[in-house]
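Hello,

Here is the structure I promised to pass on to you. Have a look at it first, and then read on for what turned up in it.

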Amino acid sequence: METPALAGFAGESRLGHALVISLGVLAFWAGYFGAAVVFFGGIDALAPGTEVAGARRWSGVVAALACWGWFALAFVLARGGPVLNATLYPILTAGLAPLAGRWLAFGSAPGALRAGLLDFSFSPLLDALLILLFGGSFFVTLLTLWASTLGEAERAAWERENLPAEFYDEFVDV
């Protein structure tokens, strides 16, 4: 059973979805590692065991802006999916890309992962909250700015052309 909320944009292929997600991950990594270089002197600031205080947190915030910015652009271009670009894709990217990026850059650190699981801290929860807050707010702001440039007829035409019929009937044409 397919849920209209999880549908892609009209005419979007599986390859198109994969490309949107892949570019979202690359945008996240560019923001994540780029922020570490610019603000913390290099990507080594994110390395397990040698982490600079706050490097992961603030690099994650910059990465969230890059990631949600990409998904906002993909939304405007009608690539990916309307709800998927706003929620599922960036949240999964922000949740998995930092760990995957650090593993690619520094190798896996099973000891650090085990210690992190056994030594409970609110720090990862705060990091996740900041990433969601900044990234989600940026996404909404970008789409609001874009929508404000459209007239009523242009917006309605964009919706009719790019939203799948089931999604349009369920959520827009009420």
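A contact here means that heavy atoms lie within 4.5 Å. With that in mind, take the contacts in the protein chain between residues at least 6 apart in sequence: 74% of them join residues at least 24 apart. Please keep in mind that this is a predicted model.

**The overall layout**

The protein chain has seven helices and zero strands. Read from the N terminus, the elements therefore run α-α-α-α-α-α-α, with helices and strands taken as DSSP runs. The chain is 174 residues long, and 36% of them count as buried.

**The core**

Which residues touch the most other members of the largest nonpolar core? They are Phe28, Phe71 and Phe139, in a core of 31 residues. Five helices each supply at least two residues of this core: α1 (14-40), α2 (55-76), α3 (82-106), α5 (123-148) and α7 (165-172). The largest share, 10 residues, comes from α2.

Phe28 is a good place to start if you want to click through the neighbours. Leaving aside residues up to four places away in sequence, Phe28 touches Gly60, Ala63, Ala64 and Cys67, and also Thr93, Ala94, Ala97 and Pro98.

**How α2 packs against other helices**

Since α2 gives the core its largest share, I looked at three of its partners.

- With α1: the two helices pack at an angle of about 145°, and their axes are 7 Å apart. The crossing of α1 and α2 is right-handed. Sorted by class, this contact has 20 nonpolar, four polar and one charged residues.
- With α3: the axes of α2 and α3 come within 10 Å and cross at roughly 145°. This crossing is right-handed too. On the α2 side the contact is made by Arg56, Cys67, Trp68, Phe71, Ala74 and Phe75, and on the α3 side by Pro82, Asn85, Ala86, Tyr89, Pro90, Ile91, Thr93, Ala94 and Arg102. These residues divide into 11 nonpolar, two polar and two charged.
- With α5: here the angle is about 30°, with the axes 8 Å apart. α2 passes α5 in a right-handed crossing, and the contact has 19 nonpolar, five polar and two charged residues.

Phe71 is worth a second look: it is one of the core residues that touch the most other members, and it also takes part in the contact of α2 with α3.

**Aromatic pairs**

How many aromatic pairs does a search of the whole structure find? It finds nine. In one of them, the rings of Tyr32 and Phe33 have their centres 5.4 Å apart and their planes at 75°, so the pair is edge-to-face. Both Tyr32 and Phe33 are buried.

Ring pairs also link Phe9, Phe75, Phe139, Trp146 and Trp158 into a cluster. You have met two of these already: Phe139 is among the core residues that touch the most other members, and Phe75 is one of the α2 residues in the contact with α3.

**Around Asn162 and Pro164**

Is Pro164 buried or exposed? Its relative accessible area is 10%, so it is buried, as the limit for that is under 20%. Pro164 sits in the loop between α6 (152-162) and α7. Along the chain, Pro164 and Gly8 are 156 residues apart, yet their C-alpha atoms are separated by 7.3 Å. Not counting residues up to four places away in sequence, Pro164 touches Ala7, Gly8, Phe9 and Ala10.

Asn162 is found in helix α6. With a relative accessible area of 15%, Asn162 is also buried. Beyond residues up to four places away in sequence, Asn162 touches Phe9, Ala10 and Ala78. Phe9, then, is touched by Pro164 as well as by Asn162, and it is a member of the aromatic cluster.

**A loop residue to compare**

Val52 lies in the loop between α1 and α2. At a relative accessible area of 34%, Val52 is partly exposed. Val52 and Gly41 are 11 residues apart in sequence and 9.6 Å apart in space, C-alpha to C-alpha. Residues up to four places away aside, Val52 touches Phe40 and Ala45.

Happy browsing, and best wishes!

Definitions and conventions:
Residues are numbered from 1 along each chain as its sequence is written. This is a predicted model: local features need pLDDT of at least 70, side-chain atom pairs count only at pLDDT 80 or more; totals for chains, interfaces and linings use all residues. Side-chain values use heavy atoms; hydrogens and water are left out. A nonpolar core is a set of buried Ala, Val, Leu, Ile, Met, Phe, Trp, Tyr and Cys residues joined through side-chain atoms within 4.5 Å. Buried means under 20% relative accessible area, exposed over 50%, partly exposed in between (1.4 Å probe, protein chains only). Helices (H or I, at least four residues) and strands (E, at least two) are DSSP runs, numbered from the N terminus. Axes are lines fitted to C-alpha atoms, for helices over the stretch in contact, and angles run from 0 to 180 degrees between N-to-C directions. A crossing is left-handed if the near helix is turned anticlockwise from the far one by less than a right angle, and right-handed if clockwise. Ala, Val, Leu, Ile, Met, Phe, Trp, Tyr, Cys and Pro count as nonpolar, Asp, Glu, Lys and Arg as charged, and the others, Gly among them, as polar. Rings of Phe, Tyr and Trp (its six-membered ring) pair if their centres lie within 6.5 Å; planes under 30 degrees apart count as stacked, over 60 as edge-to-face and the rest as tilted.
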